[in-house]
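Welcome, and thank you for taking a look at this one with me. Please have the sequence and the model open side by side as you read on.

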Amino acid sequence: FDNTGLTLSWEVNDSLTLRSLTGYRDVTTEWSQDYGDSFFVGFRTLDDVEFDHFSQELQALGTLFDDRLDYLVGLYYFEEQGDHFQNLVIRDLPTFPFDPLLRLSKDRDVSAEAESKAIFAQLTWTPPVADDRLDITIGGRYTEDEREADRNLQNRFRLMDPAAPSYVEAAPFCDFVTVFSNCDLVIGQEPGPGLVTSARTESSKFNSAATLNYRWTDEISTYFRWATGYKAGGASESVDVGQLGRTYDPENVTTWEIGLKSFLLDRKLLLNAAVFDSEYDDAQLFFNTNPFDLSIVTALNAGKASVSGLEVEAVLQPRPLWPLRSGGRCRLLLPVVLLAPAAQCPDVAACQLLPALAQWPPQQPPAAAGCPRRPHQQRAAGAVSAAGRHTGPARTQRRPGGRHPPAGAEARPQR
């Protein structure tokens with residue numbers, strides 16, 4: 001694991017700062033997991049992952065018109081290369097008359113590349129009204145994404161010796177079964193005649209955002225935010241043989257949020273609250289379509305979805321400057337509405353599964369006991385099969401009590 005970053009900043013004058021943010025990460029990891037009979041059959045995986053990525057961001061930020069206008073403009077570039085090898089073994093398959101002598105063994109090797117380029121800008125204006133307590137922020141971002149992947153795989157049935165101490169030892173009578181070669185019957189292989197073993201997607205999007213923030217006092221402010229977001233398309237590396245070319249389109253989201261940010265009890269209590277609604281278009285879904293082989297994962301765009309909820313965060317400190325903090329964050333989500341046009345389903349089985357997909361978008365671990373994180377905050381893609389990321393304009397939120405410089409890092413697609 002190698003993670004390197006470099007930040008350079010040049011204060012040209014009191015109204016202009018130039019900044020460069022460079023990042024590089026190189027990761028090599030291996031892991032093995034035995035799921036036992038969690039999927040009603042024996043299920044074991046061995047994964048070997050190598051990837052590296054590089055990012056570069058250039059920013060110009062500062063103020064104009066007697067500090068009434070804060071601005072941030074920038075360029076962003078990201079590239080990534082990765083390789084993922086997986087060996088998967090499924091035992092106890094319903095394969096009469098060979099059961100339990102037959103095992104399904106699968107090797108998959110995927111190489112993927114991704115590139116993202118963006119230009120963004122954000123302006124925050126404080127008009128000369130209401131004692132300078134009102135801030136108006138607008139932002140925009142244009143993003144271009146390219147992703148491509150190639151895959152080699154081999155799926156095979158393997159005859160096993162039930163008396164052997166290990167599942168990987170072949171049965172002694174294997175050589176007498178003429179349809180097998182070295183105890184293996186290959187049932188799927190890439191590359192192969194007429195099979196699609198590569199995928200490539202290109203997408204671009206302009207996103208915008210607007211925020212109204214009003215500071216009632218130095219400790220209490222309220223805000224309204226509207227924004228659009230975008231997550232690039234791709235392909236699932238775990239689709240069935242010859243289907244890697246079945247790609248999915250970008251996902252788009254429009255969201256609004258009304259919130260409160262405050263310090264109370266002589267700044268001993270931080271209390272934030274927000275209600276929000278997110279409307280998704282071309283929602284990206286990943287799910288299993290083969291009940292006997294849960295390693296096959298299909299991806300598609302499932303139409304529209306709506307996520308609404310309430311978020312409350314409270315942090316109590318005995319004294320304002322003490323490092324000791326006690327508190328938590330809770331998000332209450334309303335039921336998800338998912339509409340999937342039949343024309344976007346790859347097959348009848350996939351369409352029949354959609355009504356049961358109640359856990360969309362995928363939720364992350366809770367921020368506090370019993371309180372799920374907001375679902376549209378997703379991790380970005382490391383390979384072409386990952387869920388991706390939403391990108392939108394840079395976001396700044398001024399804290400109660402004064403101005404806050406633009407958070408340039410928030411303008412970058414997050415990993």
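## A tour of the model

A good place to begin is P191, which sits in the loop between β7 (184-190) and β8 (198-215). The peptide bond that joins E190 to P191 is cis, with omega at about 0°. Please keep in mind that the model is predicted.

### The chain as a whole

Let us step back for a moment. How many helices and strands does the protein chain have? There is one helix, accompanied by 19 strands. The protein chain has 415 residues, of which 42% count as buried. Its accessible surface comes to about 21500 Å², and carbon and sulfur atoms own 58% of that area. Among contacts in the protein chain with a separation of 6 or more, 68% are between residues 24 or more positions apart.

### Loops worth a visit

Two aspartates deserve a look at their backbone. D266 has a positive phi of about 60°, although it is not a glycine. The loop that holds D266 runs between β12 (251-264) and β13 (269-281). D266 counts as exposed because its relative accessible area is 59%, and the cut-off for exposed is over 50%.

D282 also carries a positive phi, in this case about 55°, and is not a glycine either. You will find D282 in the loop between β13 and β14 (284-288).

D282 leads us on to P250, since the two residues touch. P250 is located in the loop between β11 (247-248) and β12. What else does P250 touch, leaving aside residues up to four places away in sequence? Its partners also include S203, Y230, K231, A232, G233, D281, Q284 and N301. For G233, the C-alpha atom is 4.1 Å from that of P250, although the two are 17 residues apart along the chain. With these neighbours around it, P250 is still partly exposed, at a relative accessible area of 22%.

### Salt bridges

A search of the whole structure turns up 12 salt bridges. Three of them are set out below, each with the separation of its N and O atoms.

| Pair | N to O distance |
|---|---|
| R108 and E237 | 3.2 Å |
| R200 and E146 | 3.4 Å |
| R200 and E202 | 2.9 Å |

The side chains of R108 and E237 meet in a salt bridge. This pair links distant parts of the chain, with R108 in strand β5 (residues 102-125) and E237 in the loop between β10 (234-235) and β11, 129 residues apart. Are R108 and E237 buried or exposed? Both R108 and E237 are buried.

Next comes R200, which forms a salt bridge with E146. R200 belongs to strand β8 and E146 to strand β6 (residues 134-159), so their pairing ties together parts that are 54 residues apart in sequence. R200 is partly exposed at 46% relative accessible area, and E146 is partly exposed too, at 29%.

R200 also forms a salt bridge with E202. Why does E202 count as exposed? The reason is its relative accessibility of 54%, because exposed means over 50%. Through salt bridges that share partners, E146, E148, R200 and E202 are joined into one network.

### Patches on the surface

Two surface patches round off the tour. Which residues make the nonpolar one? L212, F224, W226, W256, I258, V275, L310 and V312 form this patch, which covers about 640 Å². The elements that give two or more residues to the nonpolar patch are β9 (220-231), β12 and β16 (304-316). One of the patch residues, I258, is found in strand β12. I258 counts as partly exposed, at 42% relative accessibility.

The other patch is one of negative charge, where E11, D14, D66 and D67 gather on the surface. E11 lies in strand β1 (residues 2-13). Its relative accessible area of 55% means that E11 is exposed.

Key
Residues are numbered from 1 along each chain as its sequence is written. This is a predicted model: local features need pLDDT of at least 70, side-chain atom pairs count only at pLDDT 80 or more; totals for chains, interfaces and linings use all residues. Side-chain values use heavy atoms; hydrogens and water are left out. Patches are made of residues with over 30% relative accessible area and no salt bridge: like charges are joined within 9 Å, nonpolar side chains (Val, Leu, Ile, Met, Phe, Trp, Tyr) within 5 Å. Accessible areas come from the Shrake-Rupley method with a 1.4 Å probe; for residues, only the protein chains shown count as cover. A salt bridge is a side-chain nitrogen of Lys or Arg within 4 Å of a carboxyl oxygen of Asp or Glu. Lys and Arg count as positive and Asp and Glu as negative; His and the chain ends are not counted. The place of a charge is taken as NZ of Lys, CZ of Arg, CG of Asp or CD of Glu. Helices (H or I, at least four residues) and strands (E, at least two) are DSSP runs, numbered from the N terminus. Buried means under 20% relative accessible area, exposed over 50%, partly exposed in between (1.4 Å probe, protein chains only). Contact means heavy atoms within 4.5 Å.
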